[in-house]
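Biologist: Could you pick one helix in this model and walk me through its surroundings in detail? I'd like to know what it packs against, what empty space lies beside it, and what comes right after it.

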Amino acid sequence: MTLAPDRTSISPTAPHVSEPTHVAAPHHTLNTRLSVSGGAERTHPPKKSGEPNPMGHLTNEQIEQIGIELDAIRAEVMNSRGAKDAAYVRRIIKTQRTLEIGSRALLLFSGVKVKGVRPAFWLGTAGLSLAKILENMELGHNILHGQWDWMRDPKIHSSTWDWDMASPARQWQHSHNQLHHTYTNVLGKDTDLGYGLLRVDKDQQWELFHLGQPIWHLVNAMFFEYGIAAYDLELRGNLQNWDQLSDEDKATFKANLHEMLTKIRKQCTKDYVVHPLLSGPNFGWTLLANFSANIVRNVWSNTVIICGHFPDDIQTFETDSIDGETRGEWYIRQMLGSGNISGPTLLHILSGNLSNQIEHHLFPDMPSNRYETISPQIRDLMQRNDLHYTSGPLLKQAYQVYRKVCRLALPNEEPGRTRWSVVRGELGKVLKGQGGARTKRHAPSTAV
């Protein structure tokens, strides 16, 4: 998992931390870049698009103090981890497994009618959907982040947990923990910024392909686990650039592809062969129930994730803005590049506590049950420094994202040209065999 650059391990029981790929620093060392005093003053000029830099109003001393305060919050929580936290995750695991086993048992009778309805089908499908959501969100995602490694329980550890998803855990940890959490919302660096499928920021390059993204977005939500698996594999980029890859890169890609296909075969065999066969004459209904539960889980996971990354007021950052980035600047980028979902405790649990996406991006290895407890401190810190704390109800955030997806399906307006005239011009070039020109400087992700 990747934390702030050059992070010191606050506690001897803290999870192992892999340093970001753009920082060459030893583990467990003091952060030599936290303080900016005595060095060159760092400036935060407006973005190349002309928009103001979201941290441009802060002095270097204010940024440094933000880093110090956040380190203190983290230290307090990480040093207080104990039996109550361990009991929480074990209780979630027990609940999830009980729910899954009970639902699968109920679905063995999914085709049986009672007074004209099939209660086992509906109850079993609902229970299995919830079990899959719990396993993916509150367990799989967070365990694979190393949030519970401090327990030293080999069954609940980031190196051993195998989740109910098409993407192999190791591949997901690389693309998500190491890359996304390092380069959060950095244009051209963070491939999670639209997953290579969607244009979610006006500074991202527009292509004719994006005209269909209101549809791609919905399809991707339904089959999200397979989209993530392809994204983790960098499928699109590897296939497009196959002739330019070295023999070693080709061999690595083939090995990762084999690992992914093996994982998908395992998941499909369990849900679409073994379990339906066990239900005998109810094979078709059980098959439908498993398919429906996977769709529900995929749509829910996708919704939670997009609401934490793409609603209004989420900031993006220029590639060169992270050169020489200090600890405090990294923290601020995490806070401004994420958004929270407000709601009751049940929503927090079902979202894997990613409803507190800001807190998660600040401290990815912190136990998820602690995010809600520190959110008032984070909100207060941001308000004191005139930093916008993005938060809102689920439906509001989801609406904002879909509105953005539809709006950015079209290119930016150009001087003297409307967006539709730009589209017609690009279509004309394609019809004439000239190929579509790219209208923005940022290259799209090669993933998916």
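Modeller: Here's a close look at helix α6 and its surroundings, with a few other spots at the end. Keep in mind that this is a predicted model.

Let's start with the helix itself. α6 covers residues 224-233, and 9 of its 10 residues are buried, so the rest of the structure largely encloses it. The buried ones are F224, E225, G227, I228, A229, A230, Y231, D232 and L233. Note that E225 and D232 are on that list of buried residues. As for what does the enclosing, the buried residues of α6 pack against five helices: α4 (169-180), α5 (213-222), α7 (235-240), α8 (247-278) and α9 (283-309).

Now for the empty space. Rolling a probe the size of a water molecule over the atoms shows where empty space is left. In this model there are 4 cavities of 30 Å³ or more. The largest cavity holds about 270 Å³ of space. It is lined by 21 residues, and H141, W172, H176, F224 and I305 are the closest to its centre. F224 should ring a bell, being one of the buried residues of α6. In fact, α6 makes the largest contribution to this lining, with 4 residues. The helices that each supply at least two lining residues are α3 (119-144), α4, α6, α9 and α12 (357-362). In chemical terms, the lining of the largest cavity is made up of 10 nonpolar, 9 polar and 2 charged residues.

The second largest cavity also involves this helix. Its volume is about 50 Å³. The residues lining it are K132, D164, E225, Y226, Q267, C268, D271, Y272, N294 and R297. Here α6, α8 and α9 are the elements that give two or more residues, and α8 gives the most, with 4. The lining of this second cavity splits into 3 nonpolar, 2 polar and 5 charged residues.

Two of those lining residues lead on to other things. Take R297 first: its C-alpha is 7.6 Å from that of L130, although the two are 167 residues apart in sequence. L130 sits in helix α3 and is partly exposed, at 38% relative accessibility. Setting aside neighbours within four places in sequence, L130 contacts L99 and L350.

Then there's C268, which is partly exposed, with a relative accessible area of 24%. C307, on the other hand, is buried, at 0% relative accessibility. If you were wondering about disulfides, a search of the whole structure finds 0.

What about the end of α6? The helix is followed by E234, which belongs to the loop between α6 and α7. Its phi is near 55°, a positive value in a residue other than glycine. E234 is partly exposed, at 34% relative accessibility. There's a similar case at D313, where phi is near 80°, again positive in a residue other than glycine. D313 is in the loop between α9 and α10 (327-336), and its relative accessible area of 49% makes it partly exposed.

Before I stop, a word on the open space as well. The largest pocket has a volume of about 370 Å³. Of its 21 lining residues, V200, D201, K202, I314 and K404 lie nearest its centre. By class, that lining has 5 nonpolar, 6 polar and 10 charged residues.

One last stop is H57, in the segment before α1 (60-78). H57 is partly exposed, with a relative accessible area of 38%. Not counting residues up to four places away in sequence, H57 touches Q62, N385, D386 and L387. With D386 there is a polar pairing to look at: the backbone oxygen of D386 lies 3.3 Å from a polar atom of the H57 side chain.

To come back to where we began, α6 is largely enclosed by the rest of the structure and gives the largest share of the lining of the largest cavity. It is also among the elements that give two or more residues to the lining of the second largest cavity.

Technical notes
Residues are numbered from 1 along each chain as its sequence is written. This is a predicted model: local features need pLDDT of at least 70, side-chain atom pairs count only at pLDDT 80 or more; totals for chains, interfaces and linings use all residues. Side-chain values use heavy atoms; hydrogens and water are left out. Buried means under 20% relative accessible area, exposed over 50%, partly exposed in between (1.4 Å probe, protein chains only). Contact means heavy atoms within 4.5 Å. On a 1 Å grid over the protein atoms alone, a cavity is a set of points where a 1.4 Å probe fits but cannot get out, and a pocket is an open set with protein on both sides within 12 Å along at least five of seven lines; lining residues have an atom within 4 Å of a point. Grid points are joined across faces, edges and corners, and a volume is the space filled by probe spheres set on the points. Ala, Val, Leu, Ile, Met, Phe, Trp, Tyr, Cys and Pro count as nonpolar, Asp, Glu, Lys and Arg as charged, and the others, Gly among them, as polar. A polar contact is a pair of N or O atoms within 3.5 Å; within protein, one must be able to donate a hydrogen and the other to accept it, and residues adjacent in sequence count only if both atoms are side-chain atoms. A disulfide is a pair of cysteine sulfur atoms within 2.5 Å.
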